[in-house]
Each structure stands twice: as structure tokens, then as C-alpha cells.
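Visitor: I should like to take a close look at a single part of this protein. Please guide me through it in one connected account.

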Amino acid sequence: MTGWDPRVGPPGWAPQQPYSPPPPPVIQQGSRGLSPFGMPARHSWEIPLLVIVIVATVLAYLFALLLLLSGVSGQIVLVLVFAPLLVYLGRGMNYAAQRVNGVKMSPTQFPEGFRMVQEAAARFGMATVPDAYVVTGNGQINAFASGHGFRRYVVVYSDLFEISGAARNPEALAFIIGHEVGHIAAGHVSYWRQVGMFLAPFLPILGNSLIRSQEYTADNHGFCNRPQGAATAMQTLAAGKYLNNLVGFDEMADRAPQEKGFFVWIVNAMASHPVLTWRMSALRDRSRHGKLFWRPDAPQRPPVPGPYAGQQPPGGYGGPPPRYGETATYHEYRPH
């Protein structure tokens with residue numbers, strides 16, 4: 001295994017083809033929606049849930065402070081009273097860990113990912129490009145965004161640069177990077193927001209629903225940045241970097257309205273990320289926000305033209321919705 005060129009891959013891999021990114025979608029000024037042609041929309045449930053969680057967290061802070069002043073100093077009380085300090089210390093240590101252990105993306109180190117971060121920041125109108133680091137994935141598929149002080153950064157696990165092995169899919173990586181930069185652009189990693197959401201992990205269903213809504217918002221950013229990579233990114237989350245091409249994106253998305261029952265509902269409600277079938281359904285149907293509490297509706301057949309109203313349309317017309325990436329039309333969503 002010694003002496004092989006990392007630009008080509010280890011023995012047995014096919015040579016990597018030069019990558020030319022597709023042209024970015026045209027930005028419609030003043031337009032916010034779910035299509036790739038305007039600025040990405042925030043999930044409709046995010047702000048209402050955020051307000052509820054912040055109010056609950058502030059009340060918990062005040063109650064803990066009252067208990068401390070009354071002489072009660074249990075562990076939970078102390079954690080709540082010192083939560084702002086704990087969040088600050090945790091963010092600082094996490095940022096320092098990336099700075100001393102991670103490979104910082106640059107024009108000479110992971111230049112492809114470095115360019116994608118810059119492109120996503122420009123796409124979302126960010127004044128400052130976040131730092132970006134690569135850390136060893138050890139087989140895990142993951143990435144995250146965070147910050148400390150005035151700095152914001154993205155961390156990408158190294159395995160995401162190997163999507164599909166020889167048949168790499170840079171569009172999927174661009175979608176994932178757009179998703180993480182989207183968390184930053186949407187304000188999800190700010191210090192004060194995390195202090196205000198400190199109680200979220202301890203609020204079953206409610207806290208997780210807020211986090212899921214943020215993930216849908218970040219997916220909207222990823223789709224806005226690179227819609228061509230949405231399907232492969234989800235396929236990779238479903239089956240990994242080598243077997244993702246065996247996953248039928250539409251087949252999984254079609255199952256979203258079919259899988260029913262209380263336990264399906266509770267698994268989604270307790271999850272920090274949307275379950276994959278629902279998430280795929282949301283990325284395929286860009287006419288509405290992703291479902292947060294109730295499973296997606298069955299896909300509708302396209303309307304039959306006037307001449308065939310009330311009759312069986314010609315073969316192939318009015319069949320299943322178009323397969324992902326073929327002839328689907330992206331409908332702009334504008335909240336009222």
C-alpha cells in the first residue's frame with residue numbers, strides 16, 4: 001500500500017476524473033423558498049419551537065437561581081446556574097480540538113472542499129467564510145458546524161471525501177458542506193442561541209422537534225447550494241460511502257407515507273434528525289416544508305390535461321411522480 005498516489009486512490013480504484021462543478025442556481029433577489037433559485041427558506045416550525053424552548057429554558061434558569069439563593073445547591077441546580085459558562089467552555093474546547101488535531105482546508109489541503117465552503121458562504125450571502133477542518137472518520141459518515149467567539153467553522157469527516165470509492169460524487173459532498181454552512185448562515189451555532197436552547201435535550205419531543213426543524217432548514221440550504229447532490233447525500237447516509245449507489249432514492253422516499261403506526265411516529269418524534277424516508281421525501285417534494293410531526297402525504301399524480309379529463313390518459317401520462325433529478329419541477333415556496 002506504500003507509494004500510491006492519493007489523487008488516484010489505493011490499488012484497485014479507478015483514476016479520479018477531473019471535477020468541474022455545475023453552475024450555481026440563479027439567485028432571485030428578495031425571494032426565499034425551497035427551490036434552488038432563491039435564498040433558502042427557514043422551516044416553518046423552527047421559530048415557534050425556538051421561542052417555546054427559550055421561554056422554558058429561561059424559566060428553568062430563574063428557578064435554579066431562586067433555589068440557589070434559597071440555599072439549595074444540588075447538581076442540577078448548579079448546572080443550570082452555570083450553563084452559560086459551561087456552554088462557553090465546551091465551545092472553546094471543541095474549537096481548540098479542531099485547530100490542533102484537524103487538517104485545515106486550504107488551497108493546498110483538500111482544495112476541493114475548501115472551494116465548496118467558499119462557494120456555499122457566497123451563495124448564502126455570508127460576510128465571513130467559516131473555517132473548515134477535516135478529521136479522520138474511521139468509517140463514520142458525519143459532519144458538523146459550530147463556533148466560538150466570533151469564529152464559525154465546519155468539520156467534515158474524511159470518509160465523506162471518499163463517497164462511492166472510485167466513483168466519487170463531489171455534488172453529494174457539496175450538498176453536505178452546504179448543509180453545514182447553512183447551519184451557520186441560519187444562526188444555529190451562535191452562543192446565545194445555544195444558551196437559550198440549553199434545556200432542549202431535556203425536553204422530550206419538544207426539544208428534538210426544534211432540532212429536527214433546524215435540520216430541515218439546513219437541508220434547504222444544502223439543496224439551495226447544490227440540488228444535484230441531495231439524492232446521493234441521502235443514499236450515503238442510508239447505506240454508506242460504498243453501497244450508496246444500490247439505494248433507490250425514490251423507492252425510499254415513496255415509503256415515507258407507507259410506513260405507519262405509533263412506533264414509527266415516536267421514533268421520528270424522539271429523533272434529533274428527520275428519519276431518512278421523511279427527509280428524502282422532503283428533498284424530493286420542494287413545494288412544501290418537510291414534515292415534522294406527521295408522516296408525508298402520498299405523492300400525487302400530475303394533473304391530467306383537459307382533453308383527457310375523465311378518461312384514461314395515454315400510456316405513461318399521469319403515472320408516478322418523476323424520478324429524482326429527471327423531469328421534476330421545483331416549485332418556489334413563499335410563506336405568507
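In which helix is the place of Glu 46? Please begin there and then describe the surroundings.

Guide: The model is a predicted one, and the values below should be read with that in mind. Glu 46 has its place in helix α1, which covers residues 46-69. With a relative accessible area of 0%, Glu 46 is buried, because a residue counts as buried when its relative accessible area is under 20%. Setting aside the neighbours within four places in sequence, Glu 46 is in contact with His 188, Arg 193, Leu 210, Ser 213, Gln 214 and Thr 217. Glu 46 may also be compared with Arg 212: the two are 166 residues apart in sequence, yet their C-alpha atoms are 8.6 Å apart in space.

Some background on the whole chain helps to place this residue. The protein chain has eleven helices and six strands. Of its 336 residues, 46% are buried. Among the contacts in the chain with a separation of 6 or more, 70% are between residues 24 or more positions apart. The accessible surface comes to about 17500 Å², and carbon and sulfur atoms account for 62% of that surface.

One of the contacts of Glu 46, Gln 214, leads to the next part of the account. Gln 214 belongs to α7 and is one of the residues that take part in the contact of α7 with α5. Helix α5 comprises residues 170-185 and helix α7 comprises residues 206-225; they pack at an angle of about 125°, and their axes are 7 Å apart. The two helices are therefore oblique to each other. The crossing of α5 over α7 is right-handed. From α5, the residues that meet α7 are Ala 174, Phe 175, Gly 178, His 179, Gly 182, His 183 and Ala 185. Their partners in α7 are Gln 214, Glu 215, Ala 218, Asp 219, His 221, Gly 222, Phe 223 and Asn 225. Sorted by character, the residues of this contact are five nonpolar, eight polar and two charged.

Within this contact, His 183 deserves separate attention. His 183 is found in helix α5. Its relative accessibility is 8%, and His 183 therefore counts as buried. Not counting residues up to four places away in sequence, His 183 touches Ala 145, His 188, Val 189, Gln 214, Glu 215 and Ala 218. Two of these names, His 188 and Gln 214, also appear among the contacts of Glu 46.

Helix α5 also packs with other helices. The axes of α4 and α5 come within 9 Å and cross at roughly 50°. This makes α4 oblique to α5, and α4 passes α5 in a right-handed crossing. Glu 112, Gly 113, Met 116, Val 117, Ala 120 and Ala 121 are the α4 residues that meet Pro 170, Leu 173, Ala 174, Ile 177, Gly 178 and Val 181 in α5. The residues of this contact are nine nonpolar, two polar and one charged.

With helix α8, residues 230-243, α5 packs at an angle of about 85°, and the axes are 7 Å apart. Accordingly, α5 is roughly perpendicular to α8. Here Ala 172, Phe 175 and Ile 176 in α5 meet Ala 230, Thr 232, Ala 233 and Met 234 in α8. This contact has six nonpolar residues, one polar and no charged.

Two loops connected with these helices each contain a residue with an uncommon backbone angle. Most residues other than glycine have a negative phi. Ile 205, in the loop between α6 (191-196) and α7, has a positive phi near 70°. With a relative accessible area of 28%, Ile 205 is partly exposed. Phe 110 lies in the loop between β3 (103-104) and α4 (111-123), and its phi is also positive, near 50°. At 31% relative accessibility, Phe 110 counts as partly exposed.

Phe 110 is in turn one of the contacts of Val 103, which has its place in strand β3. Leaving aside the neighbours within four places in sequence, the other contacts of Val 103 are Gln 109, Ala 132, Tyr 133 and Val 134. Val 103 is partly exposed, with a relative accessible area of 30%. A separation of 9.2 Å is found between the C-alpha atoms of Val 103 and Thr 136, which are 33 residues apart along the chain.

Conventions: Residues numbered from 1 in each chain as written. Predicted model: local features only at pLDDT ≥ 70, side-chain atom pairs only at ≥ 80, totals over all residues. Heavy atoms only, no water. Axes fitted to C-alpha atoms, helices over the stretch in contact; angles between N-to-C directions. Helix = DSSP H or I, 4+ residues; strand = E, 2+ residues; numbered from the N terminus. Parallel < 35°, antiparallel > 145°, perpendicular 65-115°, else oblique. Left-handed = near helix turned anticlockwise from the far one by under 90°. Contact = heavy atoms within 4.5 Å. Nonpolar A, V, L, I, M, F, W, Y, C, P; charged D, E, K, R; others polar. Buried < 20%, exposed > 50% of the residue type's maximum accessible area, 1.4 Å probe, protein only. Areas by Shrake-Rupley, 256 points an atom, 1.4 Å probe, with all protein chains shown as cover.
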